[in-house]
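Visitor: Could you take me right into the middle of this one and show me what holds on to what in there? I'm new to this, so please explain the words as you go.

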Amino acid sequence: QVQLVESGGGLVQPGGSLRLSCAASGIIFSNSFMGWYRQAPGKQREFVATISDSGNGNYGDSVKGRFTISRDNAKKTVYLEMNNLKPEDTAVYYCKSFLPPLWGRGTQVTVSS
């Protein structure tokens, strides 16, 4: 079955950390750029980070220096390490593959005291 499944979301206090995971199945994972996007209530979906097939990361300005994207091709999994979380990071976080174009169903991240 071709799918992306995110996990690792939850409730965290400001300044805290979370690590999101996205497990892929049914695709040639090692060939695909992968990415994370997020969507807050009432807002458009926003770019967070992408990682190339060779492991080079690219980040949105709002998360640079706080988030790190990585991948494990053997496990067909992409990760998003999120540190120093802020209330404005609250959103549903979606995993995306670029080859083929595919979205996961999302995982909720809530940053609140």
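Guide: Let's start inside: the largest nonpolar core is made of 27 residues, and Trp36, Val78, Leu80, Met82 and Tyr93 have the most contacts within it. A nonpolar core here is a set of buried Ala, Val, Leu, Ile, Met, Phe, Trp, Tyr and Cys residues joined through side-chain atoms within 4.5 Å. Keep in mind that this is a predicted model: local features need pLDDT of at least 70 and side-chain atom pairs pLDDT 80 or more, while totals for chains, interfaces and linings use all residues. Residues are numbered from 1 along each chain as its sequence is written, and side-chain values use heavy atoms, with hydrogens and water left out.

Who supplies this core? Two or more residues each come from strand 3 (18–25), strand 4, strand 5, strand 7 (67–72), strand 8 (77–82), strand 9 and strand 11 (107–111). Strand 3 gives the most, with four residues. (Strands are DSSP runs of E, at least two residues, numbered from the N terminus.)

Now for the rings. Searching the whole structure turns up three aromatic pairs. Rings of Phe, Tyr and Trp (its six-membered ring) pair when their centres lie within 6.5 Å; planes under 30 degrees apart are stacked, over 60 edge-to-face, the rest tilted. One of the pairs is Tyr37 with Phe47, edge-to-face at 5.7 Å centre to centre and 65 degrees between the planes. Tyr37 belongs to strand 4 (residues 34–39) and Phe47 to strand 5 (residues 46–51), so this pair ties together parts ten residues apart in sequence. Tyr37 counts as buried, at 15% relative accessibility, whereas Phe47, at 27%, counts as partly exposed. Another is Tyr94 with Trp103: their ring centres are 6.4 Å apart and their planes at 90 degrees, so this pair is edge-to-face too. Here Tyr94 is buried at 14% relative accessibility, and Trp103 is partly exposed at 36%. (Buried means under 20% relative accessible area, exposed over 50%, partly exposed in between, with a 1.4 Å probe and protein chains only.)

Put the rings together and you get a cluster: ring pairs link Tyr37, Phe47, Tyr94 and Trp103. Tyr94 has a charged partner as well, as the charged end of Arg45 sits over its ring, 3.7 Å from the centre. Arg71 does something similar with Phe29, its charged end sitting over that ring at 4.6 Å from the centre. "Over a ring" means NZ of Lys or CZ of Arg within 6 Å of the ring centre and within 35 degrees of the ring normal.

Next, the charges that pair with each other. A salt bridge is a side-chain nitrogen of Lys or Arg within 4 Å of a carboxyl oxygen of Asp or Glu, and by this rule the count comes to four. In one of them, the side chains of Arg38 and Asp89 meet, with N and O 2.9 Å apart. That contact links distant parts of the chain: Arg38 is in strand 4, while Asp89 is in the loop between strand 8 and strand 9, 51 residues away. Arg38 is buried, at 5% relative accessible area, and Asp89 is buried as well, at 0%.

Asp89 also makes a salt bridge with Arg66, where the closest N and O atoms are 2.8 Å apart. This one, too, spans distant parts: Arg66 lies in the loop between strand 6 (57–59) and strand 7, 23 residues from Asp89. Both Arg66 and Asp89 are buried. Through shared partners, salt bridges join Arg38, Glu46, Arg66 and Asp89 into one network. Lys64 and Asp61 form a salt bridge as well, with the closest N and O atoms 3.3 Å apart; Asp61 is exposed, at 69% relative accessibility.

Before we leave, a couple of backbone oddities. Most residues other than glycine have a negative phi, and most peptide bonds are trans. The bond from Leu99 to Pro100, though, is cis, with omega near 0 degrees, and Pro100 is found in the loop between strand 9 and strand 10 (101–103). Lys76 isn't a glycine, yet it has a positive phi of about 55 degrees; look for Lys76 in the loop between strand 7 and strand 8. Asn84 also has a positive phi, near 50 degrees, and Asn84 lies in the loop between strand 8 and strand 9.
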